[in-house]
Structures are given as structure tokens and as C-alpha cells.
Amino acid sequence: MAAELEMTIKLLYIFLAFLWTYSAAFVVLNNTNYFGEVQQHSADSTAVKVKSDQHGKGESYGSLKLKAYRQRRDDRKGQEKVKLDHERSYSWKSYHHQPQFSDSESFGANRQTCEVVEGSTKKGEPYNCFNKICWCTKTTADCSNSNLTFIPTTLPSSVRFLNFSNNGLTSVPRRFFDSVANLTSLSLSSNNISFIHPDAFKPLKRLRALFLSHNGNLTHVTLRPVFTVPSLQCVDIRYGNLLSLPEDVFAPGALPELRELFLHDNYIDVVNLTLFQHLPSLATLAWGENDVSRFYPGLLKNLDKLDLFSNSLATFPESCTTSGQSYFPKLSILTLKKNKLVSIPTTLCLPSLYLLDLSGNFFPVLQTDMFGPALFPRLGVLHLEQLDTHIKTIQPFAFRNPSLKFISLMYNSIDFSWEDSYSVDSFAGCPNMEGLQLSHNFLSRVSDARFIALFGHMTNLTDLYLGGVSMEQITKDTFASFPHLRTLQMYQNRVPHVPDGAFDHNPELQQLQLNENHISSVTQATFSEASRNAFKWLDLSGNPLICDCDLRWFSDLLRSNNAALSHHWTTYNCSNLNDLPVTEFYLPDQPCLISHEANVAIIAVGSVLLSLFVASIFLWRYRWQLRLKLYEVFRGRGDLRRQRLETGHFDYDAFVSYASEDDHWVTTHLMPQLEGRLKLKLCVHERDFVPGRHIVENIAQCVEGSKKILLVFSIHFLRSSWCQFELAVCLQHVIDSDDSLLTVCMGDIASRPLTSAMTAVMTTMTYIQWDEEAEKSPRKRSAFFAKLELALEDALRISFHVTSRPDL
């Protein structure tokens with residue numbers, strides 16, 4: 001039996017050793033063994049380097065405008081939030097009614113203000129056309145940044161666009177433009193012009209676009225020659241110092257073709273649109289950053305775009321005539337960003353308005369039908385971004401309008417989990433909604449059910465922006481209600497995992513941004529093959545990707561320069577390999593033959609089994625120590641033992657457990673002292689075991705029939721299996737009867753490796769030592785038996801009491 005047990009234990013050891021080796025190999029193969037191969041693969045691969053374009057010494061017209069614009073904006077108000085502008089621009093790009101001007105950046109650095117700039121596109125390589133100061137192509141001439149006060153006569157007659165900005169020009173004399181009479185576009189921006197001759201522009205019969213921005217000394221008097229050029233279609237007079245415009249600033253019939261006029265930042269605090277009634281073709285009027293507080297309407301039948309951003313208007317511009325007609329029957333874009341509006345009138349006459357920008361105003365509550373068709377019959381795009389008070393409440397059907405196609409509520413700190421503040425029907429009644437911009441609000445505590453209830457009815461949605469909304473999870477149902485979704489932005493969230501097939505319900509999805517989340521794994525099943533083929537833009541950069549077997553396919557995809565993933569600003573790194581680029585991660589097939597889940601399961605089960613096995617070995621090895629320790633902690637104060645000794649029937653005063661090899665010591669030393677001198681009756685197996693009875697039964701009955709148990713530990717006791725069995729029976733009896741053992745140690749047994757039961761006795765109970773000195777010295781021997789007599793005090797007392805009873 002012992003041999004079988006030993007064989008079983010050995011087999012278990014072999015099995016657990018195999019599991020440990022397998023686990024170690026799995027960890028090493030996934031993290032370490034092939035790291036050298038990874039580095040080798042990286043070294044062998046071709047490095048892709050992106051080189052920036054090299055520019056010449058001369059700065060372009062656009063770059064100079066950018067520099068001048070930014071300098072002025074920094075001095076007056078500080079820089080605009082670039083990120084907000086970028087996100088707005090990105091989210092509008094798919095709409096054909098994108099505003100020509102919608103924010104402060106649109107008029108300066110980032111784009112041309114005038115729509116018509118014929119010849120401004122360079123054709124061919126620039127060549128030196130005047131002293132390396134002017135550079136020309138067939139249709140353009142760039143003489144900017146040269147401190148020129150005249151136009152060179154060497155410029156080709158085919159030039160249509162002249163950039164004469166940033167030259168420190170103070171005056172424009174009469175014959176200034178004689179050599180470039182064929183110009184259609186002219187920039188005199190960023191000069192210091194204070195005088196223009198009344199006949200200066202007469203040679204420019206074909207001039208259509210004129211840029212005069214960043215000329216601080218211009219007045220309406222200086223500009224009178226400009227406002228008499230009949231061919232002009234666009235005039236840019238931004239960032240000047242006009243202060244006011246007189247009633248006769250535009251003579252009747254003087255500018256019959258003028259379509260666009262830009263007057264930003266000229267300190268004109270009163271808007272009087274009656275001044276522009278003599279401009280029959282005016283379609284775009286930009287009056288931003290003028291601190292306007294008063295607005296007087298005027299009938300402008302062809303006005304298409306009106307920009308009043310960053311002013312001080314406290315009331316919505318009046319749009320209805322006394323007869324109930326519209327002052328602006330064709331107005332399609334109205335920008336009122338960054339004013340002081342707090343409400344919308346109950347009556348409006350804007351029959352053609354398509355885009356309305358109310359960002360940066362004061363609308364804490366969006367009321368029911370606030371943007372309904374009664375006020376905005378053709379409203380398609382609505383911007384309510386970064387309101388100064390944020391949006392505290394959205395009532396049911398606040399946006400109810402069948403014409404609405406795009407709403408932007410970004411940067412408003414809206415927590416959509418607050419059901420009492422933001423109605424589940426806030427966006428109800430918008431059946432034709434195509435775009436929804438909710439970036440930089442809060443969706444962290446919004447359940448799938450509430451998300452679907454809020455937005456799921458917008459089944460025609462094509463563009464959804466949820467960047468920086470603290471989303472913590474997505475499921476297969478989150479976006480299942482949007483079968484036509486083409487663009488989904490979910491950057492800078494807390495999504496840890498993308499479930500397999502999460503976007504299978506969006507077959508038209510082309511652009512997906514999941515960058516800067518907490519995603520650690522992307523398997524081949526995350527995106528179906530159809531989804532991967534449909535993607536034109538996929539961004540998973542900035543996530544803590546774990547490079548393992550599941551990510552090999554993605555590493556291969558990145559190395560293949562997949563067009564959807566090839567963006568020079570994105571980086572993919574292995575968070576578990578010291579930020580090694582994913583493109584340099586390589587893992588062969590061997591460690592990936594078994595799935596990651598199977599490997600984890602095997603390791604987990606093996607670890608549990610190993611832990612249980614080690615625990616069982618520990619418990620078995622130290623079982624008696626633990627049991628005796630617990631017994632010592634929870635044992636009583638001896639009441640059970642005394643009751644047993646006083647009321648029990650015993651055949652012996654003490655059971656002596658010893659090895660047969662120690663019989664001589666028992667019969668010559670122990671028995672004469674205990675039986676002869678102390679009159680105790682001992683149970684010794686060679687004398688008192690009943691012949692014919694099973695030895696186990698003899699041991700059990702003799703232990704049970706004895707008042708005390710005396711153990712004689714020796715080297716022979718240690719080697720005897722029967723002695724160890726007796727010891728186990730004795731220990732169990734002691735624990736059951738709340739008793740204690742008497743132990744005699746012979747020789748140097750205490751220094752030898754002992755069995756667990758003997759060790760338990762030696763470490764939890766006091767023993768009496770018999771050595772060679774006690775064998776030879778009567779005094780030592782007397783001291784030994786005196787200690788033994790003291791230990792047998794209970795048995796002696798009860799024995800004396802029983803023998804002295806008169807009824808015995």
C-alpha cells in the first residue's frame with residue numbers, strides 16, 4: 001500500500017512538472033524567446049521614412065497671410081482652440097452646404113477669403129522676374145516681403161494674380177498699376193496704406209478680387225477709390241481701423257458685381273444693413289470680431305451668407321419686415337458664434353436658412369421645438385458648440401425638424417446619463433438626421449439601452465462623432481441601429497475591448513477612429529473581412545496593444561502598407577514589449593498552434609492543481625503539528641480529562657508504546673520503578689496484548705483502557721511502522737479525550753530527522769530525556785524518574801483514590 005502511494009505521488013510530481021514546463025514555455029515563447037527574431041526581422045525590414053517638403057527662401061502669399069493673421073489674433077484675443085476648429089471642419093466635410101465662413105479661422109490663415117481668385121494657382125516653376133525679388137509663373141507674380149514701393153515693369157503681361165503684400169507700402173499713386181493692367185486678383189495685404197489715388201485702380205478693368213487686410217491706417221475715405229471699381233466681385237478689408245461706415249459709402253450702381261465683402265475686426269460696433277442695399281449682387285457679408293452690439297436690418301435679396309461671429313449681440317438679428325416678409329429671403333448660412341444670445345424669437349423670417357451657428361452663446365435650456373420647422377423651415381445644419389453656460393437641460397423634441405441633417409453639441413459637458421435633465425426624446429422627430437457631433441461630452445454611465453433609446457431612431461445616420469466622451473464599453477448592439485453609418489469617431493475614450501462583429505451591422509462603414517482607447521487586443525474576428533475591405537480609414541493607434549498570437553495578423557496588415565491604416569502621424573506599439581513598433585513584431589507559428597484561450601486555461605488549471613498539490617503535501621506533512629496546535633488552542637482546562645479519570649473504568653494506569661528493540665530498557669528500568677515502586681499497572685504489548693486478537697484491536701483497546709499514555713521515542717521507534725501506527729492512535733486518543741502525552745526520548749533521537757507525528761509531539765509537548773548519564777549515574781536516574789512521577793501525578797492520585805475506597 002505504501003509503495004502504491006509513493007508511486008502515485010511520483011506520477012503527480014511528473015504531471016505537475018510537465019504543466020509547469022508547458023506554462024513556462026508558453027510565457028517565454030510569447031514574450032522572450034523570439035525577441036531576438038523580432039529584432040532580426042526589424043533589422044532586415046525596410047525602414048519607411050517620411051521626408052518633409054523643402055521650401056525655398058521666399059515665403060508664399062498664403063504663409064505670409066497666416067503669419068500676419070496669427071500675430072494679430074495673439075495680440076488681441078489669444079489663439080482659438082485649434083482642436084475644436086479641426087474637429088468642426090472634419091465633421092462638416094461631407095455636407096455640400098459647408099459654410100464658406102463658419103469660425104474665426106476661416107477668414108485668415110487657413111483659406112482664401114474670396115471665392116474668385118483667377119490665376120492664383122501657380123502654373124509651372126517660378127522664375128526670377130525682377131532682381132530675385134519677384135518670382136513669376138505664367139499667371140502669377142509674387143513680389144511680397146521685398147519692401148518694394150513700385151511694381152516692376154518686367155512682370156509678364158500674362159500675370160493675373162499679383163501678391164504685393166508685406167512691403168511697407170504707404171500710398172498707392174495714380175499710375176501704380178499701369179504695367180499690370182490685366183490683373184484679375186490683387187493682394188495689398190499687410191502693408192501700411194493710408195492713401196489711394198482716386199484714379200489708381202482705373203487701369204484694372206478686369207480686377208475681381210482685392211485683398212487689403214491688415215492695413216491699419218485704412219479709412220472709409222481712403223477706400224473710396226476701391227468702392228468705385230465696377231468689376232470687383234470680392235473685397236477683403238479685414239483687420240483694419242474703419243471704425244464706422246457712412247451712409248454714402250457705397251454709391252448706387254458703383255459695385256454692380258460685388259458678391260463678397262469681408263470686414264472683420266474693424267471696430268465697427270453697429271451693423272446697418274441698409275448701407276448695403278446699393279450692392280445688388282452681395283451674397284456674402286462677414287462682420288465678425290467687431291464687438292457689434294446693435295443690428296439694423298436692411299433688405300438684401302441676394303444675401304446668402306451672413307457672418308456676425310464674436311460680437312456682443314444680445315438679441316437675435318431681426319429678420320422680418322413690418323409686412324411679415326423676409327429681409328434675407330435667400331440667406332442660407334448665418335453665423336452668430338460667440339455672441340451674448342440667450343433666446344430665439346418666437347417669430348423669424350428666414351425661409352432659406354440651412355446652416356445656423358449659435359456656438360459660444362448662452363442657452364442653458366433647449367426647449368421643445370426650439371429649432372422646429374415653424375421657425376426654421378429649411379434648417380439642415382445646427383451648431384451649438386461650447387456654449388458659455390453649457391447645456392443644462394434638453395427638453396423632449398427640442399430638435400424636432402424633418403429638415404435637420406446635422407447637429408453639433410461638442411464641448412458642452414452634457415452627461416447623457418442624467419435622465420431628468422436630458423430627455424430620452426431630446427433628438428426625436430429628426431427622421432432625416434445624417435450627422436451627429438457629440439464629442440467631448442459624457443457617455444460613461446450611459447447603458448446600451450439608453451444609448452439606443454436616445455439615438456437609435458436615427459436610422460439614416462451616416463456620421464457619428466463620439467470622441468472624448470468617456471465611453472467605457474461597446475457591444476454588438478451599440479451601433480446596430482445605424483445601417484448607413486459611414487464615419488464613426490471614438491477617439492480618446494476608455495473602451496477596453498471591441499467585441500467580435502461589433503460593426504457587422506454597419507456594412508457602409510468606411511472611416512473608424514478608435515485611437516487612444518484602452519484596447520489591448522485586436523483579433524481577425526474583431527472586424528469581418530467585409531468590414532476590413534470597406535474601410536478607407538481605420539485608426540487604432542495609441543492603444544496599449546499586447547503583441548501575441550492574436551495580433552500577428554494586424555502586424556502583417558500594418559507591414560503591407562494597407563491604405564486604410566497608412567497615416568504618418570499614427571503609431572502602433574507593443575505595450576508588453578517595451579513599446580516595440582507593431583510593424584517590427586514577429587512571432588512564428590509554433591507558439592501559436594494552440595489558441596491563447598486554451599493556453600490560458602491549461603496554465604490556470606495547472607496552477608490550481610499545483611497549488612492544491614503543494615497545499616495537500618504541506619497539510620499531510622504537518623498534519624499532526626497543525627492538529628496539535630489547534631488542539632492546544634481550543635482544548636479545555638482539564639475538566640473533561642478529570643471527569644474521565646474519575647468516572648471511567650480502566651484496566652491500566654498507563655499504556656507504554658515502545659519498540660521491541662527497547663524491551664530491555666522497559667523491563668529493567670521503567671517497569672521496576674513504575675510497577676514496583678509506584679504500584680502502577682502498565683500495559684506493555686509483549687506481556688498484555690491478548691493472544692489471537694488482531695494487533696490493531698489490541699492497540700486500540702489497550703490505549704482506550706489506559707489512564708495515561710507513555711511514549712518511548714528512540715531510533716528503533718522511528719524505524720518501526722507499528723510504532724508509528726501506535727503513535728497515530730495515541731495522538732487521536734489524546735485529542736479526543738482532552739489529554740496529554742508523556743514522552744521519553746532515548747539517546748540523541750531529537751537531533752534526527754523524525755516523522756511528522758514524532759515531530760509534532762516533540763514541538764508541542766515537553767518530553768523527558770534518558771541518556772547515557774542516566775544509565776550510569778544513580779543520581780541522574782533518580783532525577784529522571786522523579787520527573788516521570790510528577791508527570792504521572794493524575795494517574796497516581798486517581799489510582800491511590802481508587803485503591804483506598806472502602807468498597808473495593
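Two strands pair if DSSP finds at least two bridges between them. The exercises below apply this criterion and others to a predicted model.

**Exercise 1. Strands β31 and β32**

Determine in which sense β31 and β32 pair, and over how many bridges.

Solution. Begin with the extents: strand β31 covers residues 742-746, and strand β32 covers residues 767-770. Between these two strands there are 4 bridges, and the pairing is in the parallel sense; since at least two bridges are required, the criterion is met. One of the bridges can be located by residue, because the definition rests on bridges between strands: the partner of Val 744 is Ile 768 in β32. The connection is then followed along the chain, which leaves β31, passes through helix α16 (residues 756-764) and arrives at β32, giving a β-α-β crossover that is right-handed.

**Exercise 2. The two faces of β32**

Assign the residues of β32 to a covered and an uncovered face.

Solution. In a regular strand the side chains alternate between the two faces of the sheet. Applied to β32, the covered face carries Ile 768 and Trp 770, while Tyr 767 and Gln 769 belong to the uncovered face. Ile 768, the bridge partner of Val 744, is thus found on the covered face.

**Exercise 3. Salt bridges and their surroundings**

State how many salt bridges the structure holds, and classify the partners in three of them as buried, partly exposed or exposed.

Solution. The structure holds 16 salt bridges. Take Lys 202 and Asp 199, whose closest N and O atoms are 3.0 Å apart: Lys 202 has a relative accessible area of 51% and is therefore exposed, whereas Asp 199, at 23%, is partly exposed. Turn next to Lys 305 and Asp 304, which meet at 3.0 Å, N to O; Lys 305 is buried because its relative accessibility is 11%, under the 20% cut-off, while Asp 304, with 22%, is partly exposed. In the bridge between Arg 752 and Asp 748, the N to O distance is 3.7 Å, and here Arg 752 is partly exposed at 36%, as is Asp 748 at 47%. Salt bridges with shared partners also link Glu 675, Arg 687 and Asp 688 into one network.

**Exercise 4. Pro 672**

Find the helix in which Pro 672 lies, and identify which residues Pro 672 touches beyond four places in sequence.

Solution. Pro 672 is located in helix α11, residues 663-677. With residues up to four places away in sequence left aside, Pro 672 touches Val 666, Thr 667 and Arg 677. Its relative accessibility is 39%, so Pro 672 counts as partly exposed.

Conventions:
Residues are numbered from 1 along each chain as its sequence is written. This is a predicted model: local features need pLDDT of at least 70, side-chain atom pairs count only at pLDDT 80 or more; totals for chains, interfaces and linings use all residues. Side-chain values use heavy atoms; hydrogens and water are left out. Buried means under 20% relative accessible area, exposed over 50%, partly exposed in between (1.4 Å probe, protein chains only). Contact means heavy atoms within 4.5 Å. A crossover is right-handed if, with the strands pointing away from the viewer, the path from the first strand over the helix to the second runs clockwise. A salt bridge is a side-chain nitrogen of Lys or Arg within 4 Å of a carboxyl oxygen of Asp or Glu.
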